[in-house]
Amino acid sequence: MDTKQKKVDPKEIQRLREETNAGVMDCKRALEDADGSYTKAKELLRERGLEKAASKSEREAKEGVIASYIHAGGRIGALVEIASETDFVARGEEFQKLAQEVAMQVAAMAPADVDELLSQAYIRDASRTVKDLVTTLAVKTGENVSVRRFQRFALGE
């Protein structure tokens, strides 16, 4: 038996899986590759997840949702189209939440285009960008998830 496999604690695999939503075997391999270091394993999973998301970004995303956000007082609003590969993912709670969050971001920050929107700091957590939110969901669902387009409306504009 490989000596690396003896070092991996099943509780650490479970903890890593709960925090990252990665598969059991992916978590086990990451811990083995990181010589049992939880922090290194988590970073490896993040890197591998981003690699997976990048490879999926070329796949066609014909499904998705259009979400709206109207700011209190009804003076500012936004419509956002978020795309996915399947209707199953688009109907999911996390996908719906992402669409709402992006619509709120558009209303609050008035980006000029999709690229600017994706590079903006997320209004609820400045340590993350909107692109980080989209990529995280893409990794979790295993599908190409993208912001296709948006429109912001403000009274008097």
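**Exercise 1. Classify Arg-29 and find its salt-bridge partner.**

Step 1. Arg-29 has a relative accessible area of 40%, so it is partly exposed. This is a predicted model.

Step 2. Look for a carboxylate partner. Asp-26 makes a salt bridge with Arg-29, with the closest N and O atoms 3.4 Å apart.

Step 3. Classify the partner. Asp-26 has 26% relative accessibility and therefore counts as partly exposed.

Step 4. Place the pair. Asp-26 and Arg-29 are 3 residues apart in helix α3, about one helical turn. An α-helix has 3.6 residues a turn, so residues three or four places apart point the same way.

Step 5. Look at the rest of the helix. In α3 (residues 24-33), Cys-27, Ala-30, Leu-31 and Glu-32 are buried. Just after α3, Asp-35 takes a positive phi of about 55 degrees.

**Exercise 2. Compare the ends of two more salt bridges: are they buried or exposed?**

Step 1. Start with Arg-152 and Glu-157. Their closest N and O atoms are 3.4 Å apart, in a salt bridge.

Step 2. Apply the cut-offs. Buried means under 20%, exposed over 50%. Arg-152, at 18%, is therefore buried. Glu-157, at 72%, is exposed.

Step 3. Turn to Asp-87 and Arg-91. Their side chains meet in a salt bridge at 2.5 Å, N to O. Asp-87 is partly exposed at 34%. Arg-91 is exposed at 55%.

Step 4. Set these in context. The structure holds 9 salt bridges.

**Exercise 3. Describe the largest nonpolar core and name the element that gives it the largest share.**

Step 1. Count its members. The core has 27 residues.

Step 2. Find its hubs. Those with the most contacts inside the core are Val-80, Ile-82, Phe-95, Leu-98, Val-102, Val-145 and Val-147.

Step 3. List the contributors. β1, β2, α5, α6, α7, α8 and β5 each give two or more residues.

Step 4. Pick the main one. Helix α6 supplies the largest share, 8 residues.

**Exercise 4. Which residues make the nonpolar surface patch of about 310 Å²?**

Step 1. Name them. Ile-66, Leu-79 and Phe-153 make the patch.

Step 2. Place one of them. Phe-153 is in strand β5 (residues 146-154).

Step 3. Check its exposure. At 45% relative accessibility, Phe-153 counts as partly exposed.

**Exercise 5. Locate Gly-74 and state its C-alpha separation from Ala-154.**

Step 1. Gly-74 lies in the loop between β1 and β2. Gly-74 is partly exposed, at 45%.

Step 2. Gly-74 and Ala-154 are 80 residues apart along the chain. Their C-alpha atoms are separated by 8.8 Å.

Definitions and conventions:
Residues are numbered from 1 along each chain as its sequence is written. This is a predicted model: local features need pLDDT of at least 70, side-chain atom pairs count only at pLDDT 80 or more; totals for chains, interfaces and linings use all residues. Side-chain values use heavy atoms; hydrogens and water are left out. Patches are made of residues with over 30% relative accessible area and no salt bridge: like charges are joined within 9 Å, nonpolar side chains (Val, Leu, Ile, Met, Phe, Trp, Tyr) within 5 Å. Accessible areas come from the Shrake-Rupley method with a 1.4 Å probe; for residues, only the protein chains shown count as cover. A salt bridge is a side-chain nitrogen of Lys or Arg within 4 Å of a carboxyl oxygen of Asp or Glu. Helices (H or I, at least four residues) and strands (E, at least two) are DSSP runs, numbered from the N terminus. Buried means under 20% relative accessible area, exposed over 50%, partly exposed in between (1.4 Å probe, protein chains only). A nonpolar core is a set of buried Ala, Val, Leu, Ile, Met, Phe, Trp, Tyr and Cys residues joined through side-chain atoms within 4.5 Å.
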